[in-house]
Amino acid sequence: MSLLDKINSPKDLRSLSIKELSILAYEIREKIIETVSITGGHLASSLGAVELCIILHYVFDTPKDKLVWDVGHQTYAHKILTGRKEKFDTLRQYNGISGFPNRDESEYDTFTVGHASTAVSVGLGMAVARDLKGENYKVISIIGDGSLTGGLTYEGLNNAGHINTDFIVVLNDNAMYISPPVGAVAKMLVRILTLGLLKKIEKYIDSFLRRLHYVGLYLLRIAKRFKLLFFPGMLFEEMGFAYIGPVDGHDIEELYEVFKSVKNFKGPTLVHVVTKKGYGYPPAEKNPTKFHSVGKFDKNTAELVSDNKLTFTKVFSETIVDLAEKNEKIVGITAAMTDGCGLEKFAKLFPKRFFDVGIAESHAVTFAAGLAVEGFIPVCSSYSTFLQRAFDQIIHDIALPKLHTIFVLDRAGIVGEDGPTHHGSFDLSYLRLIPNMVIMVPKDAEELKNMLYSAIDYDCPVAIRYPKDVVADYEKFSLAGYKKISLAENEIVTDISEAKVVIITCGPYVYEAKKIIEMLNLKAGLINLRFVKPLDEELLTKIKCEKIVVIEENTIIGGLYSAISEFFAKLGIKKQIMPICLPDKFIPHGAREILKHKVGLDTESIAEKIKLFLTI
Ligand SMILES: Cc1ncc(C[n+]2csc(CCOP(=O)(O)OP(=O)(O)O)c2C)c(N)n1
């Protein structure tokens, strides 16, 4: 029987000795590697945080004490230790356990999360709630050095220093976000870890701690024992936090001693823990970017199981490099998603024109505004879900002054296993309501290529959104021969003049609709409304039949269906308009194909709905 067999809750964990915890860490890692090789998931971050998860549940009285995880992709060990061991093989599967903390899943998941840099604010809120209720529990927020590049974190730290209540922040520093981190804070963390600096300030620290009398001497004892650094005056201290660290995040004994002491500290405390991303699985240690969020892989060879079909991401990646070669005003911007957004090649070829700004979407957009004002053409690439962070910046800093910036939204629509925090369900809605925006949706590789090419000349804010999917025309794709698409130039795929029903859609659903028209042998018109904004009113007025079907992978509120309904309502023209859209609900996690079926956006469901619609 393994140690892990005996652990079903943190209570069981607390009956183990410190020595046994190291064995347990090994067993948990084995389970994580085994499972993720089959389900896919956030491997490297979770492997790096195994000891941290163990020790926090060991030292603190969870769930009474509250662990608040940032992003939440590093919590697989936490899940295994908190009653989800038996279900762990259902990780990220439909109806299985989520890949992120989720309040509906466990009382140990104190906050539902998936976007970065929230943990300090949430944890502080919980600590203040505790004080207001006169209760007594600890709040521990765990944040990565990557998430520390996000501005929200500093708003939280700043406020925590001011409120000055008991609150622990654990900085899990693995010197990586998905790719190596950038920015002044990342440099500062590296400096802190530099032994030379340690030596230089040792005397100063010693005298500082002696001035703190009892607490200081106690800290000094721990510091000497574990060679920790207490560094007054640095950023965190200035923000009102007691800083403790760096602590070796894979040394269970050291972690135990530190957290046992920190547990009783008063006021805001920051513990700086140093971990290695991918720890315990050499291929992930060697290539943490590849194993940050990984699909199925062979755990013995570390080879990914993937087909090499062309994705929208890859088409963007190739096209933007080609365009940037011809136009040196093009600059590439990403908020810590270089690889996911397909900007690696751009970054390598045009290092001076490429900006990874950290996990800072709001800043990315306003930074783009500055570049645009000075005549550059920023191409700001983000996942649809993360650009939500920059809503105000798009309105106030880009659209109001009508700045020529190209937003490229990858992972639009259902993303699959990452679930509700990551689905790009809202972008057509949140962008369409903004004046001056142009919104395009490519149906395939050729269209994406031509949209990017055309957007360079539009001289206004442009958004291009596409899903996490392969392109339909992957065999034909070539960078040769761009074709200009003028504003609101849409495509009538099948004649609408004699049609009994007109299907309006955009993106890859154009192919889907074509297939369905043939399958059902319909006398239907089909419009590829590749411009969701501006709306092609002239084209819409040409629709003479009463029945219209609108298909879009966006929430039913505010997107393509809304645009078309609003248009006819405005003219007082009565039409029967049938929406086939995402529901006004958060969509759970699971394989994209399963989820599409559940929301009625797979081929069969769409066909059924259209058949039924034509009978009423
Ligand atoms: C707002 C937002 N932008 C981007 C992401 C994508 N993302 C997920 S994890 C991650 C890196 C996080 O780095 P860090 O906090 O250091 O954690 P690590 O994976 O290194 O443990 C990023 C950029 C996100 N989750 N949220």
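Start by selecting T334, and you will find D356 of β7 standing opposite it. Keep in mind as you go that this is a predicted model.

**Around β6**

Leave T334 highlighted and look towards β8, where its bridge partner is S381. Now extend the selection to residues 330–334, which make up strand β6. At I330, the bridge partner in β8 is I377. How many bridges join β6 to β8? There are five, and the two strands run parallel, with β8 covering residues 377–383. Turn to β7 and you will see three bridges joining it to β6, again in a parallel arrangement.

Show the side chains of β6 next. Which residues point one way, and which the other? I330, G332 and T334 point one way, while V331 and I333 point the other way. Both groups are buried. With five of its five residues buried, β6 is largely enclosed by the rest of the structure.

**The whole sheet**

Zoom out to the open sheet of seven strands that holds β6. Follow the order β7-β6-β8-β9-β11-β10-β15, and note that the pairing is mixed. Select 354–356 and 531–533 to pick out β7 and β15 at the edges. Each has a single partner strand, so one side of each is left without a neighbour in the sheet. Tilt your view to follow the twist, which averages 20 degrees from one strand to the next.

**Two helices on the sheet**

Select residues 312–326 for helix α14, which packs on the sheet and touches β6, β8 and β9 (406–410). Its direction makes about 145 degrees with that of β6. Then select residues 445–455 for helix α20, another helix that packs on the sheet. Helix α20 touches β9, β10 (438–440) and β11 (462–465), and its direction makes about 170 degrees with that of β11.

**Domains and ligand**

Colour the protein chain by domain: domain 1 is 4–286, domain 2 is 312–465 and domain 3 is 491–615. Where domain 1 meets domain 3, five residues of domain 1 are in contact with four residues of domain 3. On the domain 1 side, these divide into one nonpolar, three polar and one charged.

Finish at the ligand, and select the 23 residues around it. Which of them come nearest? They are S45, A116, G144, G146 and Y177. The shell around the ligand divides into nine nonpolar, 10 polar and four charged residues. With your domain colours still on, you can see that this shell draws at least three residues from each of domain 1 and domain 2.

Terms used
Residues numbered from 1 in each chain as written. Predicted model: local features only at pLDDT ≥ 70, side-chain atom pairs only at ≥ 80, totals over all residues. Domains from an automatic or database assignment. Contact = placed C-beta atoms within 7 Å. Nonpolar A, V, L, I, M, F, W, Y, C, P; charged D, E, K, R; others polar. Near = placed C-beta within 6 Å. Pairing = 2+ DSSP bridges. Helix = DSSP H or I, 4+ residues; strand = E, 2+ residues; numbered from the N terminus. Axes fitted to C-alpha atoms, helices over the stretch in contact; angles between N-to-C directions. Buried ≥ 20, exposed ≤ 12 C-beta atoms within 10 Å, placed from the backbone.
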